[in-house]
Amino acid sequence: MRITVEDITVTLGGRDVLSDVGLIAAEGEIAGLVGPNGSGKSTLLRTVYRHLRPHAGRVLLADRDVRSMAPAQAARHIAALPQERGSDFEFTVREVVAMGRTPFKRAFGGDDERDHATVAEALERVGLQAYAEHRFAELSGGERQRVLLARAFAQQPDVLVLDEPTNHLDVQHQVELLALLREQRRTTLISLHDLNAAASLCDRLHVLHDGALVASGTPLEVLTPDLLAMVFGVRAAVVEHPLTGDPLIAFDHRKTMPAPPAEESPVTV
Ligand SMILES: Nc1ncnc2c1ncn2[C@@H]1O[C@H](COP(=O)(O)OP(=O)(O)OP(=O)(O)O)[C@@H](O)[C@H]1O
């Protein structure tokens with residue numbers, strides 16, 4: 001299913017933290033959101049999964065405004081991995097993942113065969129089948145992250161919304177997660193700080209700066225040295241990855257470049 005973010009403005013604490021932002025994640029596309037800290041990535045994702053209401057504009061799932069859908073109905077289509085990680089501490093890993101099946105149940109309905117199989121498959125996908133009976137509270141940050149991903153997978157959503165899913169993951173699990181997302185071919189909206197991961201994973205990238213969308217396009221179109229200097233304030237060369245052919249950003253870790261305010265950085269792609 002396609003997600004359309006139609007010119008949304010989100011006001012928090014009396015300030016527009018997103019101004020007139022529009023983008024589309026086409027059916028089966030992995031759309032990446034990148035931008036400096038505080039640029040509005042989580043706010044945009046939270047608006048898509050209905051935790052925030054836009055003050056102007058709307059979010060469409062296929063052709064329906066997500067605000068017009070009942071919460072359980074929206075949850076049958078959209079699974080989110082938010083940045084705030086909840087408090088599922090008293091549960092086992094299997095129970096946390098099984099929560100992904102809730103939108104499909106009748107009131108007081110128990111788990112059926114299909115639920116059990118879906119939960120087991122989701123755990124296997126993130127490599128945590130051996131942890132099913134462990135307590136969520138006793139896992140490391142990276143393991144918890146993978147459990148919450150398994151919960152999103154168990155929801156079998158049309159659209160995945162992932163806020164920084166590689167946080168806490170070691171490099172092997174980062175690579176595995178990116179491979180898993182690529183292989184799914186599900187409409188995905190994902191925020192990532194790691195621009196090289198974003199370049200390798202995403203079909204299209206959308207760059208936020210001070211709550212405004214300043215560039216959209218393929219990673220190769222968007223991730224230019226000029227944009228990296230203007231939006232992120234860093235000096236970098238963009239070369240071809242010797243193994244994959246993806247754009248590879250080589251940062252100059254010895255030097256930053258003061259970034260001008262958004263209105264003075266006319267980056268458009
Ligand atoms: N509830 C709130 N009330 C007021 N301001 C808020 C609220 N939530 C977020 N903000 C502000 O909105 C701006 C955008 O925050 P957001 O979390 O969307 O940024 P982000 O791009 O996801 O940042 P990061 O990369 O640091 O996770 C920030 O300046 C933040 O302080």
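In this predicted model, strand β11 (residues 234-240) and strand β12 (residues 247-256) run antiparallel and are joined by 6 bridges. Within this pairing, V238 has I249 of β12 as its bridge partner. The two strands, β11 and β12, make a hairpin with 6 residues between them. In the turn, G245 has a positive phi of about 80 degrees.

The protein chain is divided into two domains, listed below with their contributions to the contact between them.

| Domain | Residue ranges | Residues in the contact |
|---|---|---|
| domain 1 | 1-77 + 157-218 | 12 residues |
| domain 2 | 85-156 | 11 residues |

The C-alpha centres of domain 1 and domain 2 are 23 Å apart. On the side of domain 1 that touches domain 2, α2 (71-75) and α6 (171-184) are the elements that give two or more residues. By class, this side of domain 1 has 7 nonpolar, 3 polar and 2 charged residues.

The largest nonpolar core has 70 residues, of which V48, V97, A150, V161, L189, A198 and V207 touch the most other members. Helix α5 (residues 141-154) supplies the largest share of this core, 7 residues. At least three residues of the core come from each of domain 1 and domain 2. V48, one of the residues that touch the most other members, is in contact with I3, V5, V59, V161 and L189, leaving aside its neighbours within four places in sequence.

Which residues surround the ligand? The ligand is surrounded by L12, G13, V17, G35, N37, G38, S39, G40, K41, S42 and T43. Helix α1 (residues 41-48) gives the largest share of this shell, 3 residues. Sorted by class, the shell around the ligand has 8 polar, 2 nonpolar and 1 charged residues.

T4 lies in strand β1 (residues 3-12). Is T4 buried, exposed or partly exposed? T4 counts as partly exposed because 16 other C-beta atoms lie within 10 Å, whereas a buried residue has 20 or more and an exposed one 12 or fewer. Not counting residues up to four places away in sequence, T4 touches I24 and L60. T4 and R64 are 60 residues apart in sequence, and their C-alpha atoms are 9.6 Å apart in space.

Definitions and conventions:
Residues are numbered from 1 along each chain as its sequence is written. This is a predicted model: local features need pLDDT of at least 70, side-chain atom pairs count only at pLDDT 80 or more; totals for chains, interfaces and linings use all residues. A residue is near a molecule or strand if its C-beta atom, placed from the backbone, lies within 6 Å of it. Helices (H or I, at least four residues) and strands (E, at least two) are DSSP runs, numbered from the N terminus. Ala, Val, Leu, Ile, Met, Phe, Trp, Tyr, Cys and Pro count as nonpolar, Asp, Glu, Lys and Arg as charged, and the others, Gly among them, as polar. Two strands pair if DSSP finds at least two bridges between them. A nonpolar core is a set of buried Ala, Val, Leu, Ile, Met, Phe, Trp, Tyr and Cys residues joined through C-beta atoms within 7 Å. Domain bounds come from an automatic or database domain assignment. Two residues are in contact if their C-beta atoms, placed from the backbone, lie within 7 Å.
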